[in-house]
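Here is a friendly look at how the parts of this model meet, both between chains and inside one of them. Take a moment with the structure first.

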Amino acid sequence: MSVLAERLENMRVRVHVPGAGLEGELRGRTGVRISFEPGTYEFRTERDLERHLASLARLLWAGRMKEYYAALSEALGEQISGESPPISLRDQEYDGARDALVAEGRSADGRIYVSVRGMRDWTVRIAENTVRTLREDQFVAAVGEAAAALIQDQFAKIRRLKDEIYA
Amino acid sequence: MSFEQLMTHARDIQRRAIEEELELMRRRIGDDEDGVFDLEAPVESMRPQIERKYADVTSLFQPFAEMPDPSSFDGVISQLNQVLGILSAGEAGDAAKDPVNGTIFPANPKLTKVGGTESYIEDWTGPAASAFKSEFIDPFPAVVQNQFIVASVLKSALEAQREIWKNARADIDKIAEDVLTALDRMHDCGKNKWTMTFTVMASVAAIAAVPLTAGASTFALGLAVTAVGAASQVAAAAAPDDPPAIQFSGETPEVIILQMRRAIQKLYEGIADQEAKIADAMQKTNSLVDQHRDMFVTKQPALSRGHPGNIRDLMGYSR
């Protein structure tokens, strides 16, 4: 396993959403686990949760990219903090398509749906009465499922896109 | 990671390239054939062809795994340092300074005693005596200085050679590491680009011609030896330019391995280029010493070829 793969497998990113009593952690490539300020879950509404989870996703993604570039810099022995602008036509085509790429994921019970466009515009939809129906630990697990599914969808679509444009 | 694992990395690269290419086939066939549930049979049937495609990958690294160990030069370099200590006349100014890297060598007090022999041989007269003075005592300091310079040139050339192997090891190790990283990274969202700096190309520094000491008037004036040294050990002003950096990129195993071949080829060329610098300097130094041997070795006394048959005293009698 390369240095990069090893670091990515062991990656841990922790963020908190200011003013929302909500924290989230990403472990490895697909392990997302949220946690609420104790005793607050039952009083939340689905709409609030949708907004807060979208913010959390944005923060986790930003944190993840920072860790990713740190791992990459270590693997390649040079400081890398972002991508250089696309030059070739294929690179430009790829960048454009990637920005428009939509990835999505659902929890097993279908109550939680997340999607993202270009890893930038996040949407979270939570079915009505979810807070009343699911216990906190069940909700946390469902978010984890939806997040993992979205991440895997994104990887699969990126791979298809690269095959299409570069292979 | 370390050079010792080079062949392990090489085998990993070959294995990963084959697996990734099979994965690519799996995706392609999966896309083309909707509803085909068993992808494995058609994909596996392509394995021999793909294995052949990457069959030589591991062997490309083998010659580099067999490069000389840089530390194998340490012993002989250390011996030459001792030689320099012995030959150091240590007079004021540059006499005792290694002309390539500026190391100061303290004077060897034994060398100063040669000049003092004159008073011991005042009573010795005749052609042998005057030849001894003019051919041995007088040129002695210059000859020692020139020997010092040649020894220093040899030592620096060895240091430069050692530097080539040290940098070449680091470079081939990085090539292998970068390819493994690229094979992992090609699935990530970012464009798979990486830069390789060929540090071997900055191993050997050319030193401005080192002037030989003319000393007694019989020596040719204005001669200089061409020296090379390890870039890491010469003054910054003499150091070679920054080594070239090349950017590679690849989103499929085929392209990545192609880039790897390019990089390996470039490394070969870099090693040859740097070796040529040392060879060139050594050839020039060798011809110079050959053509002006008397500047480096005092003449053999006629008496050393003498025997009762050919020695006569002043009256012509043999002894």
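Domain bounds here come from an automatic or database domain assignment. With that in mind, the model, which is predicted, has its chain B split into domain 1 (1-66) and domain 2 (67-118 + 125-298). The C-alpha centres of domain 1 of chain B and domain 2 of chain B are 43 Å apart.

How many residues of each domain of chain B are in contact with the other? On one side there are 18 residues of domain 1 of chain B, and on the other 14 residues of domain 2 of chain B. On the domain 1 side, the elements giving two or more residues are H1 and helix H4 (57-65) of chain B. H1(B) provides the largest share of that side, with 10 residues.

Now to the meeting of the two chains: 16 residues of chain B are in contact with 19 residues of chain A. Three elements of chain B give two or more residues to its side of this contact, namely helix H1 (6-32), helix H7 (140-185) and strand E1 (193-197). Which of the elements has the largest share of the side of chain B that touches chain A? That is H7(B), with six residues.

The table sets out the residue classes on the two sides described above.

| Side | Nonpolar | Polar | Charged |
|---|---|---|---|
| Domain 1 of chain B, touching domain 2 of chain B | 12 residues | one residue | five residues |
| Chain B, touching chain A | four residues | five residues | seven residues |

H1 of chain B thus appears in both lists of elements, on the side touching domain 2 of chain B and on the side touching chain A.

Technical notes
Residues are numbered from 1 along each chain as its sequence is written. Chains are lettered from A and ligands numbered from 1 in the order in which they are written. This is a predicted model: local features need pLDDT of at least 70, side-chain atom pairs count only at pLDDT 80 or more; totals for chains, interfaces and linings use all residues. Two residues are in contact if their C-beta atoms, placed from the backbone, lie within 7 Å. Helices (H or I, at least four residues) and strands (E, at least two) are DSSP runs, numbered from the N terminus. Ala, Val, Leu, Ile, Met, Phe, Trp, Tyr, Cys and Pro count as nonpolar, Asp, Glu, Lys and Arg as charged, and the others, Gly among them, as polar.
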